[in-house]
Amino acid sequence: MGIEEKLPSGFLLTSVEKLAGYMRKSSLWPATFGLACCAIEMMATGGPKYDLARFGMEVFRASPRQADLMIVAGRVSQKMAPVVRQVYDQMVEPKWVLSMGVCASSGGMFNNYAIVQGVDHIVPVDIYLPGCPPRPEMLLNAILALHEQILNAPLGVNRVAAAQAAEQAALTALPTLELKGLLR
């Protein structure tokens, strides 16, 4: 016999963190940040066939000050890297980043001086979406996985500490060109 049986019907018991997480996950506003061919698939996801409006994301924001999700779709050049960071810095807190496509996640087939070998060297990434280009269904699946992360995310000081640790780890990560392994 718990407290649930003693309450009249119509009462809901939850924590403030769970309630805030539920509200945040249901109202993500993505920023338009398409850089290459993956952006076509991202635009298709916003169309009527896949319908992002089911998740409260029907409007892609053109201003980073109105967005809390950056979908980096495509390869990031060295010249574009400071712009990516500036847009990320202008976004409102809390903010999330989804790296869409193999080029955004690891540089893809462009292993040269002009392309950043992973957007995680610029901004902290929450979800990596593989593929070249990833299908709209895969983007929807990544968004649902991000919803689970947001739902279970801590609030307040714990969230700030976790975000700062993730960003510091991303900025101190070893560049891909300096990694040693089977292919090098």
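The legends below describe several close-up views of one predicted model.

Residues are numbered from 1 along each chain as its sequence is written. Because the model is predicted, local features need pLDDT of at least 70 and side-chain atom pairs count only at pLDDT 80 or more, while totals for chains, interfaces and linings use all residues, and side-chain values use heavy atoms, with hydrogens and water left out.

**View 1. The chain as a whole has seven helices and four strands.**
Helices (H or I, at least four residues) and strands (E, at least two) are DSSP runs, and they are numbered from the N terminus. Read from the N terminus on, the elements follow the order α-α-β-α-β-α-β-α-β-α-α. Of the 184 residues of the chain, 39% count as buried, where buried means under 20% relative accessible area, exposed means over 50% and partly exposed lies in between (1.4 Å probe, protein chains only).

**View 2. Salt bridges join Glu-41, Arg-135 and Glu-137.**
Side chains of opposite charge can pair when their charged atoms come close. A salt bridge here is a side-chain nitrogen of Lys or Arg within 4 Å of a carboxyl oxygen of Asp or Glu, and by this rule the count comes to four salt bridges. In one of them the side chains of Arg-135 and Glu-41 meet, at 3.5 Å from N to O. This pair links distant parts of the chain, 94 residues apart, with Arg-135 in the loop between strand 4 (127-129) and helix 6 and Glu-41 in helix 3 (residues 38-45). Arg-135 counts as partly exposed at 40% relative accessibility, whereas Glu-41 is buried, with a relative accessible area of 15%. Arg-135 also meets Glu-137 in a salt bridge, again with an N to O distance of 3.5 Å. Salt bridges that share partners thus join Glu-41, Arg-135 and Glu-137 into one network.

**View 3. A salt bridge within helix 4 pairs Asp-89 with Arg-85.**
The closest N and O atoms of Asp-89 and Arg-85 are 3.2 Å apart. Because Asp-89 and Arg-85 are four residues apart in helix 4 (residues 81-90), they are separated by about one helical turn. Asp-89 counts as partly exposed, at 45% relative accessibility.

**View 4. Lys-95 approaches Tyr-88 in two ways, at its ring and at its backbone oxygen.**
Lys-95 is placed in the loop between helix 4 and strand 3 (96-100), and at 11% relative accessibility Lys-95 counts as buried. The charged end of Lys-95 sits over the ring of Tyr-88, 4.2 Å from its centre; a charge sits over a ring if NZ of Lys or CZ of Arg is within 6 Å of the ring centre and within 35 degrees of the ring normal. The side chain of Lys-95 also reaches the backbone oxygen of Tyr-88, at 2.9 Å. Elsewhere, Arg-61 lies over the face of Trp-29, at 3.8 Å from the ring centre.

**View 5. The side chain of Gln-117 lies at short listed distances from two backbone oxygens, those of Phe-110 and Ile-115.**Gln-117 is found in the loop between helix 5 (102-106) and strand 4, and at 9% relative accessibility Gln-117 counts as buried. A polar atom of the Gln-117 side chain lies 2.8 Å from the backbone oxygen of Phe-110, and the backbone oxygen of Ile-115 lies 3.1 Å from a polar atom of the side chain of Gln-117. A polar contact is a pair of N or O atoms within 3.5 Å; within protein, one must be able to donate a hydrogen and the other to accept it, and residues adjacent in sequence count only if both atoms are side-chain atoms.

**View 6. Asn-152 sits in the loop between helix 6 (136-151) and helix 7 (157-171).**
Asn-152 is partly exposed, with a relative accessible area of 49%. A polar atom of the Asn-152 side chain lies 3.1 Å from the backbone oxygen of Glu-148. Asn-152 and Ala-20 are 132 residues apart in sequence, yet 9.7 Å apart in space from C-alpha to C-alpha.

**View 7. Val-72 is found in strand 2 (residues 69-73).**
Val-72 is buried, with a relative accessible area of 0%. The C-alpha atoms of Val-72 and Val-97 are separated by 7.3 Å, although the two residues are 25 residues apart along the chain.
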